[in-house]
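Subject: Structure handover

Hello,

Here is the structure for you to look over. My notes on it follow below.

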Amino acid sequence: MSNLHKIHRYTGVGSALLVLILSITGLLLNSANLELDQRFISNSWLLNQYSLGEFPVQSYAAGDTIVSKSGRYLYLNDEVVSEMNESLIGSIVLQQDILIALPNSLLLISKEGEIIDQLFDYSGLPERPQALTVDALGLVLLKGQNAVWQSDTSLSAWEQVSHQNISWPDAIETPSLLSEKIQHHARTHEISLERMLLDLHSGRLFGKIGETLMSLSTIALIFLALSGVYVWSRRP
């Protein structure tokens, strides 16, 4: 009995820290009102554990506004417009708004970053965009895989036009200060606190060693529960 009692005691002491981590992270993850998926980690050491690498910035000019994509965010200058996983195809000024070409759609937003409309190939676009520009009349020209299309003023009707003598804007080099600011935001808004706590709870945050330790701590909890009941039941 004394040997089991010693093993029970030492197992509890040895696994105390890991059990605390399991308990605290489990409690936090179970608290939906904390909105952990909307909070992000910015600590450099924690971010380095995820080996995130670089966050390149892809930019196009739209008049005096720079439209950029980095990580999972779309930016107007240095302001976040929305989250998106698609790359940029192009952008133009359309009257008082900005029209952005994505691989599967056209996104119309105000210069303040408010999303006005989004057109897809199944809801009005003749083809998926490959390039975007505007002609001398201020009408949108869309390059698809099979043809070039010209829109009406409301982007509701398209007709095929000649592809001759059309200059399609290329991506621009993002100004260095803007690029640094966007990269910093994208990097520090990539890993949510919820994901970090999940990875800490499972041990994945520290790789295979962490996963093994957390598995052992779970086994230790099971052993402590069973041995504790057994020791208690054998008391005189």
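Leu155 sits in the loop between strand E11 (148-151) and strand E12 (158-161). Helices (H or I, at least four residues) and strands (E, at least two) are DSSP runs, numbered from the N terminus. Leu155 counts as buried, at 9% relative accessibility. Here, buried means under 20% relative accessible area, exposed means over 50%, and partly exposed is in between (1.4 Å probe, protein chains only). Leu155 is not a glycine, yet has a positive phi of about 60°. Most residues other than glycine have a negative phi.

Glu35 also has a positive phi, of about 50°, and is not a glycine. Glu35 belongs to the loop between helix H2 (16-29) and H3.

Two points on how to read all this. This is a predicted model, in which local features need pLDDT of at least 70, side-chain atom pairs count only at pLDDT 80 or more, and totals for chains, interfaces and linings use all residues. Residues are numbered from 1 along each chain as its sequence is written, and side-chain values use heavy atoms, with hydrogens and water left out.

Overall shape

The protein has 6 helices and 12 strands. Its radius of gyration is 28 Å, well over the 18 Å that the globule rule gives for 236 residues, so the protein is more spread out than a compact globule. That radius is taken over C-alpha atoms, and the globule rule is 2.2 Å times the number of residues to the power 0.38. Along the principal axes, the C-alpha atoms fill a box of roughly 95 × 40 × 30 Å.

Of the 236 residues, 38% count as buried. Contact means heavy atoms within 4.5 Å. Take the contacts between residues at least 6 apart in sequence: 49% of them join residues at least 24 apart.

The protein exposes about 14,200 Å², and carbon and sulfur atoms supply 54% of that area. Areas come from the Shrake-Rupley method with a 1.4 Å probe; for residues, only the protein chains shown count as cover.

There are 15 positive and 24 negative side chains, and the centres of the two sets lie 24 Å apart. Lys and Arg count as positive, Asp and Glu as negative; His and the chain ends are not counted. Each charge is placed at NZ of Lys, CZ of Arg, CG of Asp or CD of Glu.

Helix H4

H4 covers residues 176-188, 13 residues in total. From first C-alpha to last it reaches 18 Å, close to the 18 Å expected at 1.5 Å a residue. The expected span is 1.5 Å times one less than the number of residues.

Which residues of H4 are buried? They are Leu178, Ser179, Ile182, Ala186 and Thr188. These pack against helix H3 (44-48), strand E2 (65-70) and strand E3 (73-76).

Ser179 has 12% relative accessibility. Leaving aside neighbours within four places in sequence, Ser179 is in contact with Val57 and Thr174. The C-alpha atoms of Ser179 and Ser59 are separated by 9.3 Å, with their places 120 residues apart along the chain.

His185 is in H4 too. Outside its neighbours within four places in sequence, His185 contacts Tyr73, Tyr75 and Val80. Its C-alpha is 9.7 Å from that of Phe55, 130 residues apart along the chain.

Leu102

Leu102 lies in strand E6 (residues 97-102). Leu102 is buried, with a relative accessible area of 2%. Not counting residues up to four places away in sequence, Leu102 touches Met84, Glu86, Ser87, Leu88, Ile89, Leu107, Gln118 and Pro129. The C-alpha atoms of Leu102 and Ser91, 11 residues apart along the chain, are separated by 9.1 Å.

Best wishes
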